[in-house]
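Let's take a walk through this one together, chain by chain, and then look at where the chains meet.

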Amino acid sequence: MGIKSTLLEIYDKKYKGLMIFTIVLLFLAIGVLGYNYATTGEFVKKGVSLKGGITITIPVDTDIDTGVLKTDLQDRLPKADIEIRRLTEAGMLVSIIIEASDIDEDALKNAVIESKLIELKEDNYTIESMGSSLGASFFRQTIIAVILAFLAMGLVVLITFRSWVPSLFVILAATSDILCTLAAVSLLGMKLTTAGVAAFLMLIGYSVDTDILLTSRVLKRKEGTIFERILGSMKTGMTMSITSFIAALLAYIFTSSDIIKQIMIIIVIGLFFDMLNTWIQNTGILRWYLERKQKKHGEN
Amino acid sequence: MGKIKQLLTNWRIILLIIFLIFAVIAIRPNPFKEGVAIKAIAKNSSAALAGIENPKPGLSPMSKEIIISMNNVPINTVADYYEFVDSLDANRTVRIKTNKQSYTLMTKGEYEKKELNETEQKIKKETVTVNETIDNKTVSVNKTINKTVTVPKIKKIYIGVQDIGLSVSQAATSNIRKGLDLQGGTRVLLQPAEAVDDNMMGTIIDNLKERLNVYGLTDVVVKEIRDKPKLLGEGNKYILVEIAGATEEEVKDLLAKQGKFEAKVGNASVFKGGEDITYVCRTAECSGIDPNRGCGKVEGGYACTFMFSISLTPDAAQKQADATKDLRIEKTEQGEYLSEKLVLFLDDKKVDQLNIAADLKGRAVTEIAISGSGAGTTEPDAMTNALKEMKRLQTILITGSLPVKINIVKTDNISPMLGVQFVKNALLVGMIAILSVAVVIFIRYRHIKVAASMIVVSLSEIILVLGFAALVGWNIDLAAIAGIIIAVGTGVDDQIVITDETLRKEAGHLGGWAQRLKRAFFIILAAYFTTVVAMMPLIFAGAGLLKGFALTTIAGVTIGVFVTRPAFASMIKILLGE
């Protein structure tokens with residue numbers, strides 16, 4: 001009980017101080033993305049589905065040393081940019097994914113067959129190839145889609161609350177979620193794929209949910225103090241986030257599909273940042289704003 | 001007991017139950033269904049000759065014709081089918097019993113024809129029109145005469161049994177259409193090398209379909225995809241070709257090279273697509289139902305004659321003159337024609353033959369009219385068929401003379417084995433996700449009824465989305481599964497909001513149940529609209545390949561907000577009520 005009340009005490013009295021934490025986080029994220037852009041020319045590394053290239057997914061029964069396979073393939077195809085990933089289902093290796101760009105399909109297939117490190121059986125593997133110009137246009141469009149989605153989301157929030165400042169807080173929280181998640185994705189060495197962009201779009205919807213809950217409870221209710229209303233909505237919101245977080249985490253662990261895995265890991269990371277951004281950043285800033293407003297009213 | 005009655009008489013819950021019933025009817029699940037479904041029939045194959053029809057496009061998976069037995073051998077799996085077919089010899093009768101009717105077909109041998117250096121005499125039956133005088137009147141009578149001709153001797157070498165021409169798959173156990181990444185197959189995305197208008201795009205698509213058809217690949221999707229809504233301008237246009245169960249090499253070969261069209265008279269090549277045909281008229285001025293001959297009654301219905309003009313190069317016109325100058329003129333009911341026909345080949349396969357009008361004999365004309373006919377039981381039917389036939393011919397003639405190059409921009413060849421694995425895995429993941437949610441909810445509320453209602457409602461949501469997808473013919477692929485997970489996830493979020501609003505009974509809390517529900521639904525609707533607007537742009541981005549994901553998510557959250565969440569609210573109210 002002691003810890004709980006201390007935490008509540010800090011959450012109640014030191015909320016402005018806590019906000020520094022999320023602000024630092026946001027600036028760190030911007031820093032990471034900026035550094036990426038300065039060094040590589042892009043904010044996050046793009047996977048083959050967004051820059052063009054070939055993906056071969058080969059189911060395997062026995063473990064395969066991906067390091068050896070990579071060196072071998074790289075020696076055979078010195079010009080290609082090759083990456084090998086392991087796809088697991090509940091921790092067990094199910095498939096090996098070979099991603100390569102700047103090479104044509106047959107050459108890659110031949111190299112894999114010649115390496116003799118992994119078997120390519122007819123009908124047993126999936127091969128996807130993406131033209132680089134199409135990949136580039138996919139990337140452009142999905143970025144536009146994200147921006148449009150973001151603007152539309154902002155508009156819905158504005159219409160919902162019909163009040164500029166709290167709406168902007170909600171939009172700020174969603175922006176922080178997206179930026180922090182993007183930075184985390186790049187720090188984890190993951191590459192952005194089409195499915196990943198779809199996950200970010202989902203994240204816009206998901207992360208705004210709790211912010212809407214918070215803002216509408218705090219703004220539209222009259223019972224209790226602001227802090228009591230915050231705690232009430234936090235209880236609901238945390239249940240929402242934790243259920244989604246656990247479900248997405250388990251789905252990430254158990255799925256054998258690379259697409260679903262990518263979507264789920266982004267949701268998991270995004271929900272984590274969303275909890276911080278909603279219950280520290282958005283809550284703090286909203287409370288500050290409302291208490292200042294109340295004070296002004298009181299003085300008048 | 002009273003609560004169950006209350007539950008079953010609540011209109012929101014009744015509405016959910018009705019929707020569920022409709023969804024189950026749309027899905028028609030039958031996990032025990034056995035047999036092999038007919039996917040497609042190859043042209044001119046034994047199966048086609050026996051009268052087995054190609055399934056109509058858009059037919060729901062459960063309505064496909066199912067093979068039950070062949071020569072009384074029960075066929076339950078695709079393996080059974082292939083085992084039976086492999087045991088066949090040429091010229092055998094095969095009785096195929098399907099769930100609709102029985103067919104009898106003859107297997108054909110596959111022969112290689114070899115022209116030998118010797119010649120032989122052959123007797124050929126020929127119908128000629130002769131003028132006879134009967135009762136002082138001259139009438140034309142068709143007479144069959146025997147004619148002896150000298151032809152090169154041809155030796156037929158038997159090389160095996162021809163495939164009976166059926167393309168089959170395991171019978172579907174529900175109406176849920178599995179997307180390519182769940183069933184395996186090849187997907188190719190093509191892009192015209194230059195901007196094309198809607199007309200040209202239509203021509204290219206018809207062309208590809210015709211060529212795939214010639215190769216016996218009928219179980220294909222060929223459709224246009226644009227990455228911008230039409231209202232917002234042109235955008236990029238793509239052609240999506242999806243073929244279940246074809247290898248990538250086959251499809252690429254077919255799509256990458258230009259079609260080869262050739263017309264022959266006898267053995268002489270007259271004109272080729274691309275180089276010899278300069279124009280194929282497809283506008284109303286020079287194509288359509290022939291105004292001079294039009295439609296007429298024939299035995300068993302009506303027949304209409306169509307015609308369209310094409311332009312040839314002077315070279316081709318000369319070749320045609322040379323090829324026709326020694327032919328005889330034959331009279332038929334429809335008019336006077338030359339004794340040899342103009343035979344059309346697409347990629348070296350014969351696709352059609354046309355009569356050559358007698359007045360073209362030996363003349364080098366660059367403008368020629370192509371005509372043919374279509375029949376039907378009624379006059380409009382005949383007209384439609386004639387125009388369809390005309391379009392097909394035009395498509396064949398244009399093949400090879402397409403003015404735009406088509407680039408392959410994306411190919412996916414998905415292993416059917418991985419697809420099966422994904423389906424099983426998706427079910428497992430779904431179960432785990434729902435159970436984990438139920439556990440968290442139970443820990444939070446300590447109420448088995450809340451957790452149970454949530455499982456029931458989440459499962460109903462999945463069934464409703466799948467039912468909707470089955471009804472409108474959407475494919476369920478991996479992205480759509482992700483969409484369903486998201487929809488159910490937001491559903492759970494909303495249910496938590498509803499439960500919390502309902503459970504807050506502390507003193508001083510204002511408003512009755514209706515009031516509280518109103519507040520819950522304010523939050524839910526706001527969240528709903530943000531999800532929907534966030535998904536909208538994705539319907540078009542990425543050449544529409546994420547369309548399934550966006551649409552499933554939107555459909556899922558919409559069904560959730562308007563059907564399952566109100567029902568959940570009522571359930572909670574009744575179950576937790578005093």
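How many Å separate the centres of domain 1 of chain A and domain 2 of chain A, taken over C-alpha atoms? The gap is 36 Å. Keep in mind as you look around that this is a predicted model.

To see what that separation refers to, take the two pieces of chain A. Domain 1 of chain A is made of two segments, 2–45 and 134–299, while domain 2 of chain A covers 53–130. The two do touch: 7 residues of domain 1 of chain A are in contact with 7 residues of domain 2 of chain A. On the domain 1 side of that contact, helix 6 (132–161) and helix 9 (226–254) of chain A each put in at least two residues. Sort that side by class and you get 3 nonpolar, 3 polar and 1 charged residues.

Now for some strand pairing in chain A. Strand 3 of chain A (residues 92–101) pairs with strand 1 of chain A (residues 53–59) through 6 bridges, and the two run antiparallel. If you want a spot to zoom in on, I56(A) has I98(A) in strand 3 as its bridge partner. Strand 3 of chain A also pairs with strand 2 of chain A (residues 81–89), again in the antiparallel sense, this time over 9 bridges. Here I82(A) is the one to click on, with A100(A) as its bridge partner in strand 3. Strands 2 and 3 of chain A form a hairpin with 2 residues between them. In that turn, A90(A) has a positive phi of about 55°.

On to chain B. It has 578 residues, of which 40% count as buried. Its secondary structure adds up to 14 helices and 25 strands. Take the contacts in chain B between residues at least 6 apart in sequence: 74% of them join residues at least 24 apart.

How is chain B divided up? Domain 1 is built from 2–29 and 419–576, domain 2 from 36–108 and 162–168, and domain 3 is 114–158. Domain 4 takes 185–258 plus 406–413, and domain 5 takes 274–343 plus 352–389. Between the C-alpha centres of domain 2 of chain B and domain 5 of chain B you'll find 36 Å.

One residue of chain B makes a handy landmark. K122(B) sits in strand 6 of chain B, residues 109–134. Is K122(B) buried or exposed? K122(B) is exposed, because just 11 other C-beta atoms lie within 10 Å, and 12 or fewer is the cut-off for that label. From K122(B) to G467(B) is 345 residues along the sequence and 64 Å in space, C-alpha to C-alpha.

Last stop: the place where the chains meet. In all, 57 residues of chain B are in contact with 56 residues of chain A. On the chain B side, the elements giving two or more residues are strand 24 (406–414), helix 10 (416–445), helix 12 (478–503) and helix 13 (513–535). Helix 10 of chain B gives the most, with 15 residues. By class, the chain B side comes to 38 nonpolar, 13 polar and 6 charged residues.

There is strand pairing across the chains too. Strand 4 of chain A (residues 126–130) is joined to strand 24 of chain B by 4 bridges, with the strands running antiparallel. To find the pairing on screen, look for S129(A), which stands opposite T411(B) in strand 24 of chain B.

Key: Residues numbered from 1 in each chain as written. Chains lettered and ligands numbered in written order. Predicted model: local features only at pLDDT ≥ 70, side-chain atom pairs only at ≥ 80, totals over all residues. Buried ≥ 20, exposed ≤ 12 C-beta atoms within 10 Å, placed from the backbone. Nonpolar A, V, L, I, M, F, W, Y, C, P; charged D, E, K, R; others polar. Pairing = 2+ DSSP bridges. Domains from an automatic or database assignment.
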